[in-house]
Amino acid sequence: MIREKKRIYIVVKTYPTISKEYAELVCTAGILEDGSWIRLYPVPFRKLDMDEKYPKYTWVEVEVVRNTNDFRPETYRPDLSTILVGARPSKADWNERRRVIFNNKTIYTNLKELIDKAKEDGTSLAVFKPSKILDFTIQKVERNWDSNKLALLKSLSQQMNLFQTPEEIDEEFKVVNKVPYKFSYKFEDGSGKQSTMMIEDWEIGMLYFNCLSRANGDEKIATAKVKQMYFDEFAKKDLHFFLGTTKQFHNVAPNPFIIIGVFYPPMPMKNQQISLFD
């Protein structure tokens, strides 16, 4: 396999999931210098050293090989021992973010057009601009990770750490809390078609738990705060979605895309729009 060094502008980190093969994983997506997409998978993000943990809207350099276990063309396997994280942004530079994210890239406004492209050539990452946000829905889901999967992962951890105490193994094995709600946007595209799409962004999961902490564990208050941010506040912005497909459903689901990130810069002035898209 061909090994390449890539410079990537990170725009997506999904909320961690657990995996029998890799334990806890984060799917990362970013934009290359030529404007094309790349997906980095697998990434055990929370096990990276502090200087290797990349925030969104940061350039990183890393050696990668095409992930042949994934038919989606954007997916690469990173060699995390080679990762170099660039300067972390001290404030939100929306002009720079726009410049990179919209560089040489189609901004989809018709969902059917994007789904057709996914079926035709395997496209699995895209920027999408909804024409109207209709609602933000909150649905209860399973509160805990699958107990059988957790037991298997803990057993594997014990086998790989024969010289650690049970307490040390328990500390190392700690997994991220599961979000007990599914958050989704209901929206309309440029053709007038209405869709509901779930959000699997790291930010929304962390926002929920931060709100829960400030609300002293009151989930009703916490979910209301999440909705206030994503529905009331973001709807006033120049809202775009980062969409990605799931490998399992890419070729079989009527709509294989989910929202893996949201981009919510302030509304641009007219003269800014001209300079961005000339």
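**Salt bridges, strand pairing and local backbone features**

Glutamate 96 is partly exposed, with a relative accessibility of 25%. The structure in which this residue is described is a predicted model. Glutamate 96 takes part in a salt bridge with arginine 99, in which the closest N and O atoms are 2.9 Å apart. Both residues belong to helix H1, which comprises residues 94-101. Because arginine 99 and glutamate 96 are 3 residues apart in this helix, about one helical turn separates them. Arginine 99 is likewise assigned to the partly exposed class, its relative accessible area being 46%.

This pair belongs to a set of 15 salt bridges found by a search of the whole structure. Another of these joins the side chains of arginine 3 and glutamate 63, with an N to O distance of 2.5 Å. Arginine 3 is located in strand E1 (residues 3-13) and glutamate 63 in strand E5 (residues 59-66), so the salt bridge ties together parts that lie 60 residues apart in sequence. Arginine 3 has a relative accessible area of 47% and is partly exposed. Glutamate 63 is also partly exposed, at 24% relative accessibility. The contact extends beyond a single pair, since a network of salt bridges links Arg3, Glu63 and Asp79.

The strands that carry arginine 3 and glutamate 63 are also joined through their backbones. Strands E1 and E5 are paired in the antiparallel sense over 7 bridges. Within this pairing, isoleucine 8 stands opposite valine 60 of E5. Strand E5 is further joined to strand E6 (residues 75-85) by 6 bridges, and these two strands run antiparallel. Glutamate 61 has leucine 84 of E6 as its bridge partner. Strand E5 therefore pairs both with E1 and with E6.

A further salt bridge connects arginine 72 with aspartate 70, the closest N and O atoms lying 2.7 Å apart. Both partners are buried: the relative accessible area of arginine 72 is 7%, and the relative accessibility of aspartate 70 is 6%. Each value falls under the 20% limit that defines a buried residue. In the pair formed by arginine 99 and glutamate 96, by contrast, arginine 99 is partly exposed and so is glutamate 96.

Arginine 72 also appears among the contacts of threonine 245. Threonine 245 lies in strand E12, which spans residues 240-245. Its relative accessibility of 6% places threonine 245 in the buried class. When residues up to four places away in sequence are not counted, threonine 245 touches Arg39, Arg72, Thr123, Ser124, His250, Pro256 and Phe257.

A second set of strands forms an open sheet of 3 strands in the order E9-E10-E11, with antiparallel pairing. Its edges are formed by strand E9 (132-140) and strand E11 (194-198), each of which pairs on one side only. Direction ignored, neighbouring strands of this sheet are turned by 20° against each other on average. Strand E10 (residues 181-188) is joined to E11 by 5 bridges, and the two run antiparallel. In this pairing, glutamate 188 has glutamine 194 of E11 as its bridge partner.

Several residues were noted for their backbone geometry. Most peptide bonds are trans, and most residues other than glycine have a negative phi. The peptide bond from tyrosine 41 to proline 42, however, is cis, with omega near 5°. Proline 42 is part of strand E4, which covers residues 37-43.

Positive phi values occur at tyrosine 57 and asparagine 216. Tyrosine 57, a residue other than glycine, has phi near 60°. This tyrosine is placed in the loop between E4 and E5, and at 9% relative accessibility tyrosine 57 counts as buried. Asparagine 216 is not a glycine either, yet its phi is positive at about 55°. Asparagine 216 is situated in the loop between helix H5 (202-214) and helix H6 (219-233). With a relative accessible area of 75%, asparagine 216 is exposed. The two loop residues thus fall into opposite accessibility classes, tyrosine 57 being buried and asparagine 216 exposed.

Notes:
Residues are numbered from 1 along each chain as its sequence is written. This is a predicted model: local features need pLDDT of at least 70, side-chain atom pairs count only at pLDDT 80 or more; totals for chains, interfaces and linings use all residues. Side-chain values use heavy atoms; hydrogens and water are left out. A salt bridge is a side-chain nitrogen of Lys or Arg within 4 Å of a carboxyl oxygen of Asp or Glu. Helices (H or I, at least four residues) and strands (E, at least two) are DSSP runs, numbered from the N terminus. Buried means under 20% relative accessible area, exposed over 50%, partly exposed in between (1.4 Å probe, protein chains only). Contact means heavy atoms within 4.5 Å. Axes are lines fitted to C-alpha atoms, for helices over the stretch in contact, and angles run from 0 to 180 degrees between N-to-C directions.
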